[in-house]
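Thanks for coming. I have one structure to go through today, and I will keep to what can be read from the coordinates.

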Amino acid sequence: CLRPPESLYEIADFLASQDIPFMVALIPAYYDSENDHTHYLHNQEEFAQAIRYMQDAGGSILLHGYTHQIHKDMPGEGFEFWDGEKDRPLDVDMAQWIHERINAGIDDCVAAGIHPLAFEPPHYAVSQDAYPHLKARFSTIIGHLQTSDEGFTTTVYPFRLHNSPLYNQLLPENLGYVDPDNPLSTEQILEKFTWVSLVRDFTAGFYFHPFCDIAHLKEIIAALKQHDVRFLDLKQEDNWVKGDKHTIRSTGGTITVSSLKAKESPLLFLHLIKGAMTLLVFVSALLCLRLLVIFIRARRQGRENLFR
């Protein structure tokens with residue numbers, strides 16, 4: 001979020017001019033370990049404005065982790081839901097880990113006027129115990145699927161997958177990415193598309209980093225248009241993202257954000273009622289105890305009078 005945003009505007013303008021919807025993998029925060037400081041999206045107005053511009057130009061935002069790191073790696077290069085150094089699941093309470101990071105990411109985005117519609121795991125790396133918790137938060141996951149905890153390896157598919165114990169919907173990212181250090185990467189993406197398109201009802205996707213030369217993107221788009229493909233607009237589909245404070249939904253091109261604070265009011269009211277009932281029971285118990293003591297004393301006095 002500290003890089004100059006000019007390339008983001010350039011990419012958005014080009015894709016909008018071609019009437020092509022697209023997705024934006026967003027990392028809303030990163031931890032600067034050298035200075036022990038976290039940079040948050042909602043505090044980086046210049047960058048947030050560029051993301052909102054992309055969102056308005058036809059981009060659908062993907063929450064690409066929270067920091068894309070485990071507070072020791074370079075942002076955007078480390079893992080977040082997998083231990084990349086030891087090649088094994090993270091030694092954390094995964095339910096709590098996901099709860100804290102996903103909610104922080106959603107809240108930070110909403111505070112900046114940005115509305116993610118799906119989740120893309122950093123490096124596609126997710127341990128098996130993490131998937132069900134992500135499934136409860138997101139209707140849609142983008143990318144590859146990690147199918148084992150024995151080591152980092154992923155599987156990519158030529159079509160959508162639905163209703164697995166690990167996810168609700170998986171949209172594949174199966175064509176690779178433009179590699180600035182590999183001049184043949186653009187040709188390789190188009191070659192992979194040729195193979196993927198052999199599958200009936202295929203879905204294809206590739207990754208383009210904003211620091212790459214936009215000429216590569218233009219070349220790929222021109223080649224894909226020759227195949228009469230339909231570019232997928234995530235906002236036109238039914239998606240939901242569920243945080244503790246906000247729920248984000250898309251359908252028919254419209255995105256709605258619901259604050260859950262209003263829903264807390266009835267719960268708070270019930271909590272107050274429950275507290276009042278507890279207090280009433282406590283007071284009643286004291287009153288009964290007081291009456292019982294008075295009754296016992298009265299009986300004792302009666303016996304004393306009787307024996308007198």
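I will start with one strand and its surroundings, then take a three-stranded sheet and the helix across it, and end with a few backbone angles.

Before anything else, please keep in mind that this is a predicted model.

Let me begin with strand 10, which covers residues 167–172. Is this strand buried or exposed? Six of its six residues are buried, so strand 10 is largely enclosed by the rest of the structure.

Now its pairing. Strand 6, residues 141–143, pairs with strand 10 in the parallel sense, over three bridges. If you want a register point for that pairing, take Ile-142, whose bridge partner in strand 10 is Leu-171. Strand 9, residues 161–164, is also joined to strand 10 by three bridges, and here the two run antiparallel. Strands 9 and 10 make a hairpin, with two residues between them. Ser-164 of that pairing has Tyr-167 as its bridge partner in strand 10.

Two asparagines in this region deserve a look. Asn-168 lies in strand 10 itself. Where does its side chain go? It reaches the backbone oxygen of Lys-135, at 2.9 Å. Setting aside residues up to four places away in sequence, Asn-168 touches Lys-135, Phe-138, Ser-139, Leu-161, His-162, Asn-163 and Trp-240.

The other one is Asn-174, in the loop between strand 10 and helix 5, where helix 5 is residues 185–196. Although Asn-174 sits in a loop, its relative accessibility is 10%, under the 20% cut-off, so it counts as buried. Which backbone oxygen does its side chain reach? That of Tyr-157, at 2.9 Å. Tyr-157 is also on the contact list of Asn-174, which leaves out neighbours within four places in sequence. The list further holds Val-156, Pro-158, Lys-192, Val-196, Thr-203, Ala-204 and Gly-205. For a distance along the backbone trace, the C-alpha atoms of Asn-174 and Phe-159 are 9.2 Å apart, with their positions 15 residues apart in the chain numbering.

Next, the sheet. Three strands form an open sheet in the order 11-12-13, with antiparallel pairing. Which strands are at the edges? Strand 11, residues 239–242, and strand 13, each of which pairs on one side only. From one strand to the next the twist averages 10 degrees.

Within that sheet, strand 12, residues 246–251, and strand 13, residues 254–259, are joined by six bridges. Ser-250 has Ile-255 as its bridge partner in strand 13, and for Thr-251 the partner is Thr-254. These two strands form a hairpin with two residues between them, and Gly-252 in the turn has a positive phi of about 60 degrees.

Across the sheet lies a helix. Helix 3, residues 94–111, lies across strands 11, 12 and 13, at about 70 degrees to strand 12. Does its length agree or disagree with its residue count? At 1.5 Å a residue, its 18 residues should span 26 Å, and the end C-alpha atoms are 25 Å apart, which agrees. Buried residues in helix 3 include Met-94, Trp-97, Ile-98, Arg-101, Ile-102, Asn-103, Asp-107 and Asp-108. Anyone thinking about charges will note that Arg-101, Asp-107 and Asp-108 are on that buried list. Just after the helix, Gly-113 takes a positive phi of about 75 degrees.

That brings me to the last topic, phi angles. Most residues other than glycine have a negative phi. Which residues here go the other way?

One is His-123, with a positive phi of about 60 degrees although it is not a glycine. His-123 is in the loop between strand 5, residues 116–119, and helix 4, residues 131–137. Its relative accessibility is 32%, so His-123 counts as partly exposed.

Another is Asp-228, which has a positive phi of about 55 degrees and is not a glycine either. Asp-228 is found in the loop between helix 6, residues 214–225, and strand 11. With 71% relative accessibility, over the 50% cut-off, Asp-228 counts as exposed.

To recap: strand 10 is largely enclosed, helix 3 lies across the 11-12-13 sheet, and His-123 and Asp-228 have a positive phi. That is what I have.

Technical notes. Residues numbered from 1 in each chain as written. Predicted model: local features only at pLDDT ≥ 70, side-chain atom pairs only at ≥ 80, totals over all residues. Heavy atoms only, no water. Buried < 20%, exposed > 50% of the residue type's maximum accessible area, 1.4 Å probe, protein only. Helix = DSSP H or I, 4+ residues; strand = E, 2+ residues; numbered from the N terminus. Pairing = 2+ DSSP bridges. Contact = heavy atoms within 4.5 Å. Polar contact = N/O pair within 3.5 Å; in protein donor to acceptor, adjacent residues only side chain to side chain. Axes fitted to C-alpha atoms, helices over the stretch in contact; angles between N-to-C directions. Expected span 1.5 Å × (residues − 1).
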